Structures are given as structure tokens and as C-alpha cells.
Amino acid sequence: MGAPPKFSEFYVHEISSPVLMTMERITKSVIPLLLLTCLSLLTCLSYAVGEVTLTTTPDEITIGLTKTLNVDCSYKLDANSSINGLIAFFISRAKNESNPASEYEDIASINVYAKNVSILTSEPVSASGVISNNGVSHINISWTDPTARQSGLYKCDVHGIDAVGHTIVLSDSSRVTTKEPGQNELLDKLEEMDGKLITMEQKFLELYSKLNEVPNTPASLVDVTPTPCTPAPCCVQTHASGVCNLEDFFYPYNLTYNGHDYNILRVPAWGGHDAMELCQRAGSYLAEIDDQSEYQAVSGFLIGQSKVHHVAIAGQYQHGQWYYTRSGHQVGFMKWKSGEPDYLYQTHCITLTESSSWMMEPAPCNENINPLYALCESSESSPLGR
């Protein structure tokens, strides 16, 4: 018996065996498949990052100062896309952002069947989007005055199918954090708000000073017929020629009905009595609605404008009755909002509000209901008629 074969000799001998030859053939065929699979996975990963884009603006919420939070997810479908047909978008947020494997709660979605964005949360969020198999599709959600509740890890899932009908889900994510405002940020915000307040006060004072340039006739319940100034109506003389600039007083649109003009004053009133006095200074009187036909004309006029949402009209409650403040006669027509009048105030005047479809509501005559605007009425033959 000779010496046992060396390990290297045994190895060489075993390579020539049929079993190892079979393994060699299998290895040669499997390795390329494994490499191809790995490359395909890498390709899918690159699609997930490159094709789906989720952005959060801003990435950090400053509590109490950040005005809006926008979360937007987009996907571009073209000849190089891994998805051949889009099915749906979902934006969700991790229930526990500290745990990467946390479940996600859906916030909004859009799909090719409904095409409208569905809000899937009870949070006060607005949403928009479009989904199309041609070009860029996206879904956007936004919050006004976001809080710490809106922080966390957001994810966008884009569902689709490939060229042979397999389902594909591509994703992208983005994190939103929060912070408490610093002292400097609070000071900057206070300075910004103070600047806006000063600007508003200056504009108000400019308009009010123009009204004060004309004679002031005191207002009362009865016999408050306006005393015209010269030139009438009581408006600002912009040139030596005495040309009146009505745009300083009224919004640039009016209603003409049954021989009367109706105009909305630009200057806000501090209650029903102040509204009456402002109309008087402008050479008119607070609008008196006498019947259903006039009410329909006035309410239609108010519906057609977008500047004001709360206007004062003539009418004051005294001794159990509603009276016109100009003539002292009883109010001829009333169209109250459901449940009104409730008589909560010591003095009652009448207003029309957009929130009640321009129906009548009682309001205090001498308190600041801001912004309240006067609806003035005048005859077409008066200098105010236009």
C-alpha cells in the first residue's frame, strides 16, 4: 500500500468526478442569474428614488409661527419609467416615527378611477392632485397653522403595473420635524405684525380723514335727512376744479333698481348708527328694503360681489317694533335668518350677512362688528346717482 494521496491531488481527482462536473455546470448557469437579479433589484431601487419625489415644505415646523405645511408627491410617466400604467397614489404618515417598521396611516389618495383626491384623515387638511398616464402626476396635501401633530415621517406610495401586468409599488419618504420658537423669532413676528397693524391704521385714518373734511350732520332715529354739502355729494375735491372722486368712498360697482342706486362704502362702520352716519356724509342714506322684489335685487347684487361679507341696512328696534331710522316709519319688509331675531342686544339694528345667504340678522347699533360695511341708497336724480 502506498502513501495516501495529498489533499491537492485528492481535490484534482474529485474535480474530474461526474458529481462535481454537474455542480460546475449548475454554478455557471446560476451565477449569471443571481447577478442579473441583483442588478434588477438595484435598478428598482434607483427607480424608487429617481422617479417618485416626495417633498415637504417646510421640513421643520416652528410651533405657532409656521403658517402652512405642504406635502407633495409627484411621478413622471415616460418611455423610461418602470411603471407602464399608473393605478393610485397614497400619502401616509408613520404612526411611530421612531420605529422604522411602524405602521403608516393614510392621509390622502388619488386613483385613475375616481380621479378626485380622497382625504382619509379627520385632520383639517386640504388636498389636490391629478393622475394621468401621460406626463407628470402628483398629489398635494396642506395644513394651515400646522402643529406638532403634523410632524413625522411621511411616505408616498405610487402603485402601477409594468409592461406585462405585474404590480409595482414605488416609494419615497420625507421627514418633518418641529421646534419651539426662539426669542428672536418671536420678536421678529411681533415686529412684522406691528408693521401690518400700523399700515392698516394708516389706511383707515386716510379714508376717515377724507370723510371728516365734510360737514358732520348728527344722526338720530327720526328726521335724519342728509344735509348736502357743496359740491354735492359730500366727497373729496381732488383738484381745484372741484371734481369729486367717488372712488374714495365706494367700491367700483353699484346696483340700480327702481330709480335708486345702491352703493357699498369702502370705510368699515362701527355699528348700525355709524353706518347710517357714514351714508349721510356721502350724500345718501342707509338702504331701506321695502318689499320682496327690492330684497331680491339687493341680495342678488351682494351675491355678485366679493369685497364685503357683512353689510348694514336701515332698521332699528324700539318699543316692540322695527323702524326706519331716516323717516321713523315702520320697516316694510323683513327676511330673517332662521332663528332670528333673538333680541340679545339692548339696541338692535339690521344687517345682511353672507354666511346666512344675505338674510337679515339683528346686531348691536353702537358696538364694533368688524368688518361691517354700510349699504347706502340714493335716488338716480341725486348727485350720488351714477
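**Exercise 1.** Classify Glu201 in this predicted model as buried, partly exposed or exposed, and locate the residue in its helix and surface patch.

*Solution.*
1. The relative accessibility of Glu201 is 42%.
2. Buried requires under 20% and exposed requires over 50%, with partly exposed in between; therefore Glu201 counts as partly exposed.
3. Glu201 belongs to helix H3, which covers residues 183–211.
4. Together with Asp188, Glu191 and Asp194, Glu201 forms a negative surface patch.

**Exercise 2.** State the strand order of the open six-stranded sheet, and determine which strands stand at the edges.

*Solution.*
1. The order is E2-E10-E9-E4-E5-E6, and the pairing is mixed.
2. Strand E2 (60–62) and strand E6 (118–119) stand at the edges.
3. Each of these two has a single partner strand, so one side of each lacks a neighbour in the sheet.
4. For E6, the pairing with strand E5 (residues 104–111) is antiparallel and consists of two bridges.
5. Within this part of the sheet, Ser109 lies opposite Ser118 of E6.

**Exercise 3.** Describe how strand E4 is joined to E9 and to E5, and how many of the residues of E4 are buried.

*Solution.*
1. Strand E4 spans residues 85–94.
2. Towards strand E9 (residues 152–161), E4 runs antiparallel and is joined by eight bridges; Phe89 faces Val158 of E9.
3. Towards E5, the arrangement is also antiparallel, with seven bridges; here Arg93 stands opposite Glu105 of E5.
4. Of the 10 residues of E4, eight are buried, and the strand is thus mostly covered.

Key
Residues are numbered from 1 along each chain as its sequence is written. This is a predicted model: local features need pLDDT of at least 70, side-chain atom pairs count only at pLDDT 80 or more; totals for chains, interfaces and linings use all residues. Side-chain values use heavy atoms; hydrogens and water are left out. Patches are made of residues with over 30% relative accessible area and no salt bridge: like charges are joined within 9 Å, nonpolar side chains (Val, Leu, Ile, Met, Phe, Trp, Tyr) within 5 Å. Accessible areas come from the Shrake-Rupley method with a 1.4 Å probe; for residues, only the protein chains shown count as cover. A salt bridge is a side-chain nitrogen of Lys or Arg within 4 Å of a carboxyl oxygen of Asp or Glu. Lys and Arg count as positive and Asp and Glu as negative; His and the chain ends are not counted. The place of a charge is taken as NZ of Lys, CZ of Arg, CG of Asp or CD of Glu. Helices (H or I, at least four residues) and strands (E, at least two) are DSSP runs, numbered from the N terminus. Buried means under 20% relative accessible area, exposed over 50%, partly exposed in between (1.4 Å probe, protein chains only). Two strands pair if DSSP finds at least two bridges between them.
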